[in-house]
Structures are given as structure tokens and as C-alpha cells.
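Here's a relaxed walk through how the chains of this model sit together and which charged side chains pair up. Have the sequence and the 3D view open as you read.

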Amino acid sequence: MIICKVIGHVWATKKEPNLEGLKLMVVQEDEPKTDKTYVAADVVGAGIGERVIVVSGSTARKAFGNDDIPADMAIVGIIDSVEINRKAK
Amino acid sequence: MIICKVIGHVWATKKEPNLEGLKLMVVQEDEPKTDKTYVAADVVGAGIGERVIVVSGSTARKAFGNDDIPADMAIVGIIDSVEINRKAK
Amino acid sequence: MIICKVIGHVWATKKEPNLEGLKLMVVQEDEPKTDKTYVAADVVGAGIGERVIVVSGSTARKAFGNDDIPADMAIVGIIDSVEINRKAK
Amino acid sequence: MIICKVIGHVWATKKEPNLEGLKLMVVQEDEPKTDKTYVAADVVGAGIGERVIVVSGSTARKAFGNDDIPADMAIVGIIDSVEINRKAK
Amino acid sequence: MIICKVIGHVWATKKEPNLEGLKLMVVQEDEPKTDKTYVAADVVGAGIGERVIVVSGSTARKAFGNDDIPADMAIVGIIDSVEINRKAK
């Protein structure tokens, strides 16, 4: 999983029918912060500015609980806190 | 998913038979814009210059609704608008 | 697999229900060392500062022994020692 | 999929038995051209110097029509022409 | 697949039980040579200093012939020779 920040929304009227009803959000890598940006489907009610846990690939379909959905990234958790010690011996 | 721009077409007469009939388009990463370029099969009627949502890996086969197609990227949505706030707190 | 160092923890109260009970740790690429950081679910009792073996993608679900868990990285081994000879002919 | 150029061959006498009989070719990213190089199994009769379409991951096994083959890249098409318009609005 | 050189070994006493008995080797990208390093399970008897073919992801499990093994990279061939012509027209 990667830690991202939710920075926006995407709207697409014309899309694969199985994407209907998904909330598509724009997320940006945030640990460390880069300018790399993805579109992820939200399953936990994330909002703009929140740090989230993002999964990729076939794992995203596990988050949707529907193996037919053609989305390969999902927001699966809203982060309360991250405790990092880069000097850990 | 990644946000790309459709920038071209690819033609291949000699190909794996299960690719027959797919519209193969060249897409370029567009959020942020890079020179990274891929070939994706279009399932939503995208045109040159449009911004699209692209999925990769086994997820592409979900978009085709056919698990035998040997293509690992698919255009699954045509983007109407993207609203990004990189300063989101 | 990649060699990482465990550098922290992530807490997320609001998450996909199937993530409940997983210990989510922050790991950093360590061979060679980079600043690339991931969240991995620990199945072997790893602690902060330890070097570990991390798997990605569908392989992580094999480590959980549960194909429904929406996590795409897992810590599957705690490294005792690594013996590297970069000059190997 | 990515666009590559076929630049060589690989020979390996000692290999996983299910790789027996595959033509293993060296391909290089070609759109844009980089020095990134891969080994891909050819299923369409590609030759040195040709531009090809390459798939990765589980998709390669779809190209082989055999889910037991432990190869994760396949050449699935020989490119006749690519038409790219990077200035597309 | 990628071409790597075997440069070392990894030992991990505490590990996911299904990794028991696998020979875990450290491999480094070798075509072109980079400092990118991975841990791969060897199924062909590779030795330090040899150039090998490495597969990733679900494909590794095909090499093990056991879909429960939580390892996502495998050495599937020992390279006898590579013939590359980067000037191929």
C-alpha cells in the first residue's frame, strides 16, 4: 500500500458501465511527497486533504467486493496517524 | 488508474488473434504530464486529444469482459473534468 | 521481493472492514536504501528497525491465507543476515 | 502495453521446464526510447529490429494460452505503423 | 522478465511457513546494470555471479508450481548467452 493525500475529484460521464456509482478521487503520493498522481475509487468516505491508504492492482477489486469492477486502485483506509522513525537502528 | 491523454493510434496486422478488433490507442501520462507513453485498448470511444482514465494489469481484462484478451491496459472513461487542489491541507 | 527496513506504524480507524486486525507498518526500501516508503501488513511479528522481506500484489494475499483481504503488501520474513558480493564475476 | 524494439535473443539451457520451446527475445522500450530492457517471449514471429507491442504480468499467460508458463512478458503484435500527435489539444 | 545477476543470499529464520525450504537469493538488474536489487526464490540451481532470468508477480507462483507460496519473484533460467544489437534498424 502507499500513503497518499486526496487532492481532487474526477468526473467521467462516458465510462465503462461497471464504474457507475464509484467515487473517483485524485490522490497524490505523500510519504514521501512526490508529484505522482493517481485516480482511486473511494470505499471509505475519504475527503479532500485527508491522508489515506491506497491499494493497487487486483487488490482493489477485493476492496470493492466485486470482481467485475474495472478499477485498479482503491482508497481502503483514512489515516489517523503515522509514526515514523527513519533513524531506527 | 492514471490520467492520460490520447495522442495516437497503433496498427499491427500480425498480432495475437484475440487482439483482433480492439482499437489500440497511444496514451501519454497527463497528470502530471510526462513523456511516458503506453498502448491501451479503448472500450469507451475515446478520440485523439481527450483526457482519459486508464487501467492496467488484470483489471484491463475486466473492462473487456473477456478474460482471454491479452491486453494489459484499457481506456475505461473519458474525463469531463478534473478538480485538483494541491494545496489541500 | 524487496528488502526493506521497518520504520513505523500507521493507524486508521476508518477502513475497509477486512483490514481489521492487521498490523500495518511503514517500511522503507533498504537494499539499496532509498526514500521510497510503503505500508505493509505484518504476518511475522516484525519490529521497528528490523530488516524484512516484503512481497507485493496478489502475493500478499497468499501470505494472509485469505483471498478477501484488500492489502497488497506483506512482510513475510525477518532477515537474519544478507550476504552480498557486488563484485561477483 | 508498451512499444518496444526487438534487439536480441537470450539462450538458457538450464531453465524451468515450462519455458521449454519459447522464443525468448530482448526488447527495449522505444516510445519514448529508453535504455530499459526486458526479456519477452515471442508469440507472433517477431524479428530483430522490429517494433512490437509487449504485454506484462498475468496478461502474458493469456497470450501463451497456457496458464502454467512462468513467463511474465510476451510480444503480442508486430507494429506496422504508429501515428502520434503529441500536440493534440 | 528481466535479466539480473545473482549477487548474494538472504537468511530469515522467522518467516511465513510456506517460504520454508525456498532458496532466497539477492539479484541485481544487469541489462542494463543498475543498483536495483531484489530477493528472488531460485528454482533452477543458480549460483553467485551467474546471469539469470527473473519473473515477477503471480508468474513466480507458476514457477514454484504451488499457488500458496508467498514469494513474488523467481529465478527461472540461467543465461548461457545474450546476443544484443542495440543498433538494429
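## How the copies relate

Lay chain E on chain C and you get an RMSD of 0.0 Å, using a turn of 72 degrees and a shift of 0.0 Å along the axis; the superposition is by least squares on the C-alpha atoms of residues with pLDDT of at least 70 in both. The two copies are therefore related as by a five-fold rotation axis. They use different surfaces, though: 3% of the contact residues of chain E recur in chain C, where contact means heavy atoms within 4.5 Å.

A quick word on ground rules: this is a predicted model, so local features need pLDDT of at least 70 and side-chain atom pairs count only at pLDDT 80 or more, while totals for chains, interfaces and linings use all residues. Residues are numbered from 1 along each chain as its sequence is written, chains are lettered from A in the order in which they are written, and side-chain values use heavy atoms, with hydrogens and water left out.

## Where chain E meets chain C

Chain E puts 35 residues into this contact and chain C puts in 29. Together they bury about 2,500 Å², with 53% of that on carbon and sulfur atoms; buried area here is the accessible area (1.4 Å probe) that two parts lose on being put together, summed over both.

Two salt bridges turn up across this interface, a salt bridge being a side-chain nitrogen of Lys or Arg within 4 Å of a carboxyl oxygen of Asp or Glu. K62(C) and D67(E) pair up in a salt bridge at 2.8 Å, N to O.

On the chain E side that touches chain C, at least two residues each come from strand 1 (2-11), strand 2 (14-15), strand 3 (24-30), strand 4 (33-42) and helix 1 (58-64). Helices (H or I, at least four residues) and strands (E, at least two) are DSSP runs, numbered from the N terminus. That side of chain E splits into 16 nonpolar, eight polar and 11 charged residues. For the sorting, Ala, Val, Leu, Ile, Met, Phe, Trp, Tyr, Cys and Pro count as nonpolar, Asp, Glu, Lys and Arg as charged, and the others, Gly among them, as polar.

## Salt bridges elsewhere

Over all chains, the whole structure holds 40 salt bridges. Here are some of them:

| Partners | Closest N to O distance |
|---|---|
| E29(A) and K36(C) | 3.8 Å |
| K36(B) and E29(D) | 3.8 Å |
| D30(C) and R51(C) | 2.7 Å |

Start with E29(A) and K36(C), which form a salt bridge. E29(A) sits in strand 3 (residues 24-30) of chain A and K36(C) in strand 4 (residues 33-42) of chain C, so this pair joins two chains. E29(A) counts as buried because its relative accessibility is 10%, and K36(C) is partly exposed at 31%; buried means under 20% relative accessible area, exposed over 50%, and partly exposed in between (1.4 Å probe, protein chains only).

K36(B) and E29(D) also make a salt bridge. This pair crosses from strand 4 (residues 33-42) of chain B to strand 3 (residues 24-30) of chain D.

Next come D30(C) and R51(C), whose side chains meet in a salt bridge. They link distant parts of the chain, 21 residues apart: D30(C) is in strand 3 (residues 23-30) and R51(C) in strand 5 (residues 51-56) of chain C. D30(C) is buried, at 13% relative accessible area, whereas R51(C) is partly exposed at 24%. Over in chain A, D30(A), E31(A), R51(A) and R86(A) are joined into one network by salt bridges that share partners.
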